[in-house]
Amino acid sequence: MFESFNAIVNAPMSEHTTLKLGGPADYLVFPRSEDEIDAMFSEAGANNLPVTVIGHGSNLLVLDGGIRGLVICIGKNMRKITREGNTITAQAGAMLGSVAVEAADAGLTGLEFASGIPGTVGGGVTMNAGAYDGEMGQVVTRVRGIYPGGKAVTLSREEMDFRYRHSAVTEKNLIVTEVTFELREGDPAEIRAKMSELNARRAEKQPLDVPSAGSTFKRPEGFFAAALIDQCGLKGYSIGGARVSMKHAGFLVNTGNSSKDFLDLMHKVQQIVEERVGVKLEPEIKIVGEELPSGKQG
Ligand SMILES: Cc1cc2nc3c(=O)[nH]c(=O)nc-3n(C[C@H](O)[C@H](O)[C@H](O)COP(=O)(O)OP(=O)(O)OC[C@H]3O[C@@H](n4cnc5c(N)ncnc54)[C@H](O)[C@@H]3O)c2cc1C
């Protein structure tokens, strides 16, 4: 199946996620166009297979049993970026960092915040990714995508319903293929300086040398997840190879090879924080795939 798309069969998802965890996807493909995405959905549909769409896998915990059916990775084959005046249009697989550099080169300001977020434009729009003083919803004006079945659509910023780490992508079951950013003219030297400053702050505060999916939990209203976890004395707490980072308590990191450890650690942290400070932490990362049958550890 999916031979015409050069599918990888039994693709270990640990090689396609920044957490470096997860069992095999039955089939993994890297489309080059909307038409190919549509054809992939058709073939999956004809064979009754579920479809999962991913980008760079930087916000994903894939479980040890892997992902059944087809995984469509909108990434390396859909990375074109074009510019016209103050507008940049990028295919969904382009990395946010590359789009930020393109903007800086053109003397356009507004995307500095995104330069250190290690995901694609499609994933960034889905998550309304943000950092420091910015988030995607402030600079994205149009999102093009297709629905399973092939119908193409272009959505405005209002229709995207951007909120904290949320957009309409998931509810609408949209596959994002292209994103348009509206930026402002700025001073290239200042733009670069701001990017360097934000990335230096990131390197100082975050454990960038250990596999993670960034902040594991959303910011609870009125609190910071990292401060609450730290306050509960959980820095360095570990279950198997999964550990609360010593450098940044909001980052749960992977030093082993078990998604079950990671999931167990997430649950333990949630339980302890709720018991001790009465705040329910909600995952920011997306959990996909299935667990191994009990008794078979990954
Ligand atoms: C070290 C590190 C630092 C991070 N810092 C930040 C930060 O500062 N701010 C922040 O917001 N996040 C941060 N993240 C998390 C992550 O990088 C972002 O959420 C990013 O936007 C995810 O993009 P992705 O391409 O990796 O998406 P994935 O992780 O592959 O997918 C995320 C979600 O988007 C969906 N999706 C992906 N592409 C598409 C598409 N084309 N169409 C439809 N749905 C799609 C997936 O189904 C999934 O639900 C960090 C992660 C790491 C590892």
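**Strands, a helix and a ligand shell**

Me: In strand β18 (residues 251-254), which residues point one way and which the other way?

Reply: A strand here is a DSSP run of E, at least two residues long, and a helix is a run of H or I with at least four, both numbered from the N terminus. Everything in β18 is buried (20 or more other C-beta atoms within 10 Å of a residue's own; exposed is 12 or fewer, partly exposed is in between, and C-beta atoms are placed from the backbone). The two ways are F251 with V253, and then L252 with N254.

Me: Before I go on, what kind of model is this, and how are the residues numbered?

Reply: It's a predicted model, where local features need pLDDT of at least 70, side-chain atom pairs count only at pLDDT 80 or more, and totals for chains, interfaces and linings use all residues. As for numbering, each chain's residues run along its sequence as written, from 1.

Me: Which residue of β18 is the bridge partner of R243?

Reply: Strand β17 (residues 242-244) pairs with β18 in the antiparallel sense over three bridges (strands pair if DSSP finds at least two bridges between them). The two make a hairpin with six residues between them. On the other strand, β15, S212 stands opposite V253. R243 has its bridge partner in β18 too, and that is V253.

Me: Which strands stand at the edges of the sheet, and why is one side of each without a neighbour?

Reply: The sheet is open, has four strands in the order β15-β18-β17-β16, and its pairing is antiparallel. Each edge strand has a single partner, so one side is left without a neighbour in the sheet. Those edge strands are β15 and β16 (238-239).

Me: Over what arc do the buried residues of helix α2 (residues 96-105) lie?

Reply: The buried ones are L96, V99, A100, A103 and A104. What covers them includes β6 (81-84), β7 (87-91), β8 (108-109), α3 (121-127) and α7 (188-205). They sit on the same side of α2, because their arc around the axis (taken from the directions from the helix axis to the C-beta atoms) is only 140°.

Me: Which element gives the most to the shell around the ligand?

Reply: Of the 32 residues around the ligand, G55, G119, G122, G123 and G214 come nearest (near means a C-beta atom, placed from the backbone, within 6 Å). The shell divides into 15 nonpolar, 16 polar and one charged, where Ala, Val, Leu, Ile, Met, Phe, Trp, Tyr, Cys and Pro are nonpolar, Asp, Glu, Lys and Arg are charged, and the others, Gly among them, are polar. β3 (51-54), α3, β9 (130-131), β13 (175-182) and β15 (212-215) each supply at least two residues. The one that gives the most, with five residues, is α3.

Me: Which strand gives the most to the side of domain 1 that touches domain 3?

Reply: Domain 1 is 3-73, domain 2 is 81-203 and domain 3 is 207-288, with bounds from an automatic or database domain assignment. The centres of domains 1 and 3, over C-alpha atoms, are 26 Å apart. The contact (C-beta atoms, placed from the backbone, within 7 Å) takes 14 residues from domain 1 and 15 residues from domain 3. Giving three residues to the domain 1 side is strand β4 (residues 60-62).

Me: Is S156 buried or exposed?

Reply: S156 is found in strand β12 (residues 152-156). Since S156 has 10 other C-beta atoms within 10 Å, it counts as exposed.

Note on methods: Two residues are in contact if their C-beta atoms, placed from the backbone, lie within 7 Å.
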